[in-house]
Amino acid sequence: MPESAPLSFSATRFVTSAPDIKALPDENGIEIAFVGRSNSGKSSAINALCGQKSLARTSRTPGRTRLINIFKVAEGKFLCDLPGYGYAQVPESMKRDWQKSMTQYLQERQILKGLVMTMDIRTPLRDHDRLILDWSIAARLPVLILLTKSDKLGINAVRRSVADVRDALSEFAGSFTIIAFSAVKKTGVEETRKVLRQWFDGSVASDAENTYKEAEE
């Protein structure tokens, strides 16, 4: 029998928005969640991966997106866009609500199989990022770290940033993959799709150094 074509992200479509885990669709299939600090390029990364300009809505006001958004890639395969976090001008009550919803989602969403964390390559591993990494370890979830906006730096600076993040992650005991990513230049897009396909197929790619080398080449 001929090999089946690799999973395509181009037909991904919006399914629903929900204020919390209780309003999400029934748990059928596999879900991969995107999480990141406000203004880290999370929505732009989703759009680039799916080859669509406005699938995930971007906002000029960081912290405005407050809903959990679900997208269907294929039958039984979903992406989840979680609200951005860590923006200083968001009210404290909203921050508390976010933390409660995030904790619920990571602890209770049974079909969640991996996290894609976006970090601006110029300011990675902020406090909330580290908090999410701790949660991922407790939930035994692999994390794909996209160091976004890599087009803002030269190639040597990109390599230094990736190396610094990789070294910093040695203090954590989780399963991490690092990819330098640019939604503008499409750097790291195909490498990211490859990791997500593996997760949707039930396997985990965790060799951060090799993944980074592939993205750079």
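# From F172 to the salt bridges

Begin by selecting F172, which counts as buried at 12% relative accessibility, where buried means under 20% relative accessible area, exposed means over 50%, and partly exposed covers the range in between, computed with a 1.4 Å probe and with protein chains only. F176, which is worth selecting alongside, is also buried, with a relative accessible area of 8%.

Before going further, keep in mind that this is a predicted model, in which local features need pLDDT of at least 70 and side-chain atom pairs count only at pLDDT 80 or more, while totals for chains, interfaces and linings use all residues. Residues are numbered from 1 along each chain as its sequence is written, and side-chain values use heavy atoms, with hydrogens and water left out.

**The whole chain**

Switch to a cartoon view and follow the chain through 6 helices and 7 strands, which are DSSP runs numbered from the N terminus (H or I over at least four residues for helices, E over at least two for strands). Their order along the sequence is β-β-α-β-β-α-β-α-β-α-β-α-α. Of the 217 residues, 47% count as buried. If contacts (heavy atoms within 4.5 Å) with a separation of 6 or more are considered, 77% of them in the chain involve residues 24 or more positions apart. The exposed surface comes to about 11,200 Å², of which carbon and sulfur atoms supply 46%, the areas being obtained by the Shrake-Rupley method with a 1.4 Å probe and, for residues, with only the protein chains shown counting as cover.

**Strand β3 and its partners**

Next select β3, residues 68-74, a strand that is largely enclosed by the rest of the structure because 6 of its 7 residues are buried. Strands count as paired if DSSP finds at least two bridges between them; β3 has 5 bridges to β1, with the two running antiparallel, and 5 bridges to β4, again in an antiparallel arrangement. Within the pairing with β4, I70 has C80 as its bridge partner. β3 and β4 form a hairpin with 2 residues between them, and in the turn G76 has a positive phi of about 75°. When inspecting side chains here, it helps to recall that in a regular strand they alternate between the two faces of the sheet.

On the β1 side, show F14 and its bridge partner in β3, F71. Which aromatic pairs does the structure contain, given that the count is 2? Rings of Phe, Tyr and Trp (its six-membered ring) pair if their centres lie within 6.5 Å, with planes under 30 degrees apart counted as stacked, over 60 as edge-to-face and the rest as tilted. One pair is F14 with F71, whose ring centres are 5.8 Å apart and whose planes stand at 65°, so the pair is edge-to-face. Because F14 lies in β1 (residues 13-18) and F71 in β3, this pair ties together parts that are 57 residues apart in sequence. F14 is partly exposed at 41% relative accessible area, whereas F71 is buried at 2%. The other is the pair from the start of the tour: the ring centres of F172 and F176 are 6.3 Å apart and their planes are at 85°, so that pair is edge-to-face as well.

**The nonpolar cores**

Now select L169, which is in contact with L125, L133, I145, F176 and I178 when its neighbours within four places in sequence are left aside. A nonpolar core is a set of buried Ala, Val, Leu, Ile, Met, Phe, Trp, Tyr and Cys residues joined through side-chain atoms within 4.5 Å; the largest has 37 residues, and I132, L133 and L169 have the most contacts inside it. Apart from it lies another core of 24 residues, among them F9, I32, L49 and V189.

**Salt bridges**

Finally, display the charged side chains, where 8 salt bridges are counted, each being a side-chain nitrogen of Lys or Arg within 4 Å of a carboxyl oxygen of Asp or Glu. E31 and R109 meet at 3.0 Å, N to O, linking strand β2 (residues 30-36) to the loop between α2 (92-108) and β5 (112-120), 78 residues apart; E31 and R109 are both buried. D81 and K42 have their closest N and O atoms 2.5 Å apart, and this pair joins β4 (residues 77-81) to helix α1 (residues 42-50) across 39 residues. D81 is buried at 3% relative accessibility, as is K42 at 8%. E75 and K72 form a bridge at 2.9 Å between their closest N and O atoms, with E75 exposed at 65% and K72 buried at 18%. As a last selection, take D120, R122 and K149, which are linked in a network of salt bridges.
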